[in-house]
Amino acid sequence: MSALLTEILKIWNSNRPSDPAHVNAHYITHPHSIACSVAEGSGEILGFQSLKRAWDGNPYDVHKGWGIIGSYVRSDMAGRGIGRQLFARSNEAARTAGLIAIDATIADDNAPGLAYYDAMGFETYRTKPGAICKAYRLNTSPV
């Protein structure tokens, strides 16, 4: 997962951490983690998706009762259904956890990421400098 994240962050020109300790702490063993799904093929990690329960003071300013999702798929595997498979698992986990909605905060210049979340049924609910926040509503309650 660390190698995949490093590759993606390099493409994004991001200096976010991607070392194994960070990946473990941020995606796998995070105290608010609900699920972290991995897609594999030919012995390689092709993508992963993390779902956390929003907590007070989270860096995305997401409401409690919501989930926070992060998705990463190898660039040469985009458009092959990996993200759709990962989201099916996250959607099921979110429903089981009783979440109201899932937030995806995406850089406003990440066209593939924005298109992916649109295709999964997320809708823009707010913007902030440099980012577009999309929500996937899990029920009909007003949020």
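## Strand E3 and its neighbours

In this predicted model, E3 and strand E4, the latter made of residues 101-107, pair in the parallel sense over 3 bridges. Within this pairing, Ile68 stands opposite Asp103 in E4. E3, H3 and E4 together make a β-α-β unit, and this unit is right-handed.

Strand E2, residues 44-53, also pairs with E3, here in the antiparallel sense and over 7 bridges. In E3 it is Val73 that has Gly47 opposite it. As for solvent, E3 is mostly covered, with 7 of its 8 residues buried.

## The loop after E3

Arg74 is found in the loop that lies between strand E3 (66-73) and helix H3 (82-96). Is Arg74 buried or exposed? Its relative accessibility is 15%, and because the cut-off for buried is under 20%, Arg74 counts as buried.

When neighbours within four places in sequence are left aside, the residues in contact with Arg74 are Leu4, Glu7, Ile8, Glu44, Ile45 and Leu46. Of the elements described here, helix H1 spans 2-11, and strand E2 consists of residues 44-53.

## Two nonpolar cores

In soluble globular proteins, nonpolar side chains tend to be buried together. The largest nonpolar core of this model has 18 residues, and those with the most contacts inside it are Leu51, Ile69, Phe87, Ile102, Tyr117 and Phe122. At least two residues of this core are supplied by each of H3, E4, helix H4 (111-119) and strand E6 (131-137). A second core, separate from this one, has 9 residues, among them Leu4, Leu9, Val23 and Phe48.

Phe87 is buried, with a relative accessible area of 4%. Not counting residues up to four places away in sequence, Phe87 touches Gln49, Ile69, Ile102, Tyr116, Met120, Phe122 and Tyr136. Among these, Ile69, Ile102 and Phe122 are themselves listed with the residues that have the most contacts inside the largest core.

## Aromatic pairs

A pair of aromatic rings is described by the distance of the centres and the angle of the planes. How many aromatic pairs does a search of the whole structure find? The search finds 10 of them. In one of these, the rings of Phe87 and Tyr136 have their centres 5.0 Å apart and their planes at 80 degrees, so the pair is edge-to-face. This pair links distant parts of the chain, with Phe87 in helix H3 and Tyr136 in strand E6, 49 residues apart. Tyr136, like its partner, counts as buried, at 14% relative accessibility.

Tyr116 and Tyr117 form an edge-to-face aromatic pair as well, with 4.9 Å from centre to centre and 70 degrees between the planes. Both of these tyrosines are buried. Phe87, Tyr116, Tyr117, Phe122 and Tyr136 form one aromatic cluster.

## A buried serine in strand E1

Ser37 has its place in strand E1, which is made of residues 33-41, and with a relative accessible area of 9% this serine is buried. Once neighbours within four places in sequence are left aside, Ser37 is in contact with Gly47, Phe48, Gln49, Leu86 and Arg89. Of these contacts, Phe48 is included in the second nonpolar core, Gln49 is one of the residues that Phe87 touches, and Gly47 stands opposite Val73 in E3.

## Cysteines

A disulfide is a covalent bond between the sulfur atoms of two cysteines. With a limit of 2.5 Å between the sulfur atoms, the count for this model comes to 0 disulfides. Cys36 is partly exposed, with a relative accessible area of 27%, whereas Cys133 counts as buried, at 0% relative accessibility.

## Loop residues with positive phi

Most residues other than glycine have a negative phi. Asn13, although it is not a glycine, has a positive phi of about 55 degrees. This asparagine is found in the loop between helix H1 (2-11) and helix H2 (20-28), where Asn13 is exposed, with a relative accessible area of 73%.

Asp61, which is not a glycine either, has a positive phi of about 55 degrees. Asp61 is found in the loop between E2 and E3, and with a relative accessible area of 56% this aspartate is exposed.

Conventions: Residues are numbered from 1 along each chain as its sequence is written. Side-chain values use heavy atoms; hydrogens and water are left out. Helices (H or I, at least four residues) and strands (E, at least two) are DSSP runs, numbered from the N terminus. Buried means under 20% relative accessible area, exposed over 50%, partly exposed in between (1.4 Å probe, protein chains only). Contact means heavy atoms within 4.5 Å. Two strands pair if DSSP finds at least two bridges between them. A crossover is right-handed if, with the strands pointing away from the viewer, the path from the first strand over the helix to the second runs clockwise. A nonpolar core is a set of buried Ala, Val, Leu, Ile, Met, Phe, Trp, Tyr and Cys residues joined through side-chain atoms within 4.5 Å. Rings of Phe, Tyr and Trp (its six-membered ring) pair if their centres lie within 6.5 Å; planes under 30 degrees apart count as stacked, over 60 as edge-to-face and the rest as tilted.
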